[in-house]
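User: I have a model open and would like to talk through its fold with you. Can we start with what the words mean and then work inwards?

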Amino acid sequence: MIFVTAGSLKGFDRLVRAVDELVDAGELDDEVFAQIGRGGYEPRRCTWQRFLSQDEFKARVEGSSLVLSHVGVGTILLALEAGVPVVTLPRRAALGEHVNDHQLDTARQMEADGLALVAWEVGDLAGCIRRSRDFRPSRGTGQGDLVGTLRRDLTALGEGRWRRLRRRLGRQRPSS
């Protein structure tokens, strides 16, 4: 079974629609279950549910042969722990799918570390799904690099907030 997850905070119609179209075109003959969250697109060819409990979500991941997901770090780490390959499609700010493009940076690092296959565009999904059959996620030191990347991104986000706050208040950042 292929498990598709769009996350629960925001819909990801581009991913859900693309997978539904692959099933419709006969390019996916596996059973497909999609967790679509708050998305507006309701799959016609896939079994789906809007939300899953944590236990149901974990069971879906562990029982799947492949996870297709936005670049949700929690989902990807859960799949890695279960030994299930992951294909990600990063959300893009320019398409209104997220507030910024941090998923692109995270996806680049995951791909470089051998943790996930990345479909940079919808048209890449079918090829990534085919490649996933022989893909084995890295279990090396790459996860440390991912943590470092996330830490750097969160720090930069925090620094940006401090700069805005300093400008508004006309003050310097308090010393640590």
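Analyst: Let me fix one term before anything else: buried means under 20% relative accessible area, exposed over 50%, and partly exposed in between, with a 1.4 Å probe and protein chains only. By that criterion, 44% of the 176 residues of the protein count as buried. This is a predicted model, in which local features need pLDDT of at least 70 and side-chain atom pairs count only at pLDDT 80 or more, while totals for chains, interfaces and linings use all residues. Residues are numbered from 1 along each chain as its sequence is written, and side-chain values use heavy atoms, with hydrogens and water left out.

User: ok, what does the secondary structure come to?

Analyst: The protein has six helices and six strands, taken as DSSP runs numbered from the N terminus (H or I with at least four residues for helices, E with at least two for strands). Along the sequence they follow the pattern β-α-β-β-α-β-α-β-α-β-α-α.

User: and in what order do the strands sit in the sheet?

Analyst: The six strands form an open sheet in the order E3-E2-E1-E4-E5-E6, with parallel pairing; two strands pair if DSSP finds at least two bridges between them. E3 and strand E6 (117-118) are at the edges with a single partner strand each, so one side of each is left without a neighbour in the sheet.

User: how many bridges join E1 to E2?

Analyst: Four bridges join these two parallel strands, and Val-4 stands opposite Ala-34 in E2. The chain gets from E1 to E2 through H1, in a right-handed β-α-β crossover, where right-handed means that, with the strands pointing away from the viewer, the path from the first strand over the helix to the second runs clockwise.

User: what about the other side of E2, and E4 with E5?

Analyst: E2 is joined to strand E3 (residues 47-49) by three bridges, again running parallel, and the bridge partner of Gln-35 in E3 is Gln-49. E4 and E5 also pair in the parallel sense, over three bridges, with Ser-69 opposite Thr-88 in E5.

User: which residues cover the faces of E2?

Analyst: Val-32 and Ala-34 lie on one side and Phe-33 and Gln-35 on the other, and all of them are buried, so both faces are covered. In a regular strand the side chains alternate between the two faces of the sheet.

User: switching to packing: which residues have the most contacts inside the largest nonpolar core?

Analyst: They are Val-4, Val-19, Leu-28, Val-32, Leu-68 and Val-87, within a core of 27 residues; such a core is a set of buried Ala, Val, Leu, Ile, Met, Phe, Trp, Tyr and Cys residues joined through side-chain atoms within 4.5 Å. H1 gives the largest share of this core, six residues. Apart from it lies another core of 18 residues, among them Val-61, Val-67, Val-71 and Ala-116.

User: and what does Val-4 touch?

Analyst: Leaving aside residues up to four places away in sequence, Val-4 touches Leu-15, Val-19, Val-32, Phe-33, Ala-34, Gln-35 and Leu-68, where contact means heavy atoms within 4.5 Å.

User: last one: is Arg-92 buried or exposed?

Analyst: Arg-92 is buried, with a relative accessible area of 19%, and is found in the loop between strand E5 (86-88) and helix H4 (102-112). Its side chain reaches the backbone oxygen of Trp-120 at 2.5 Å.

Terms used. Polar contact = N/O pair within 3.5 Å; in protein donor to acceptor, adjacent residues only side chain to side chain.
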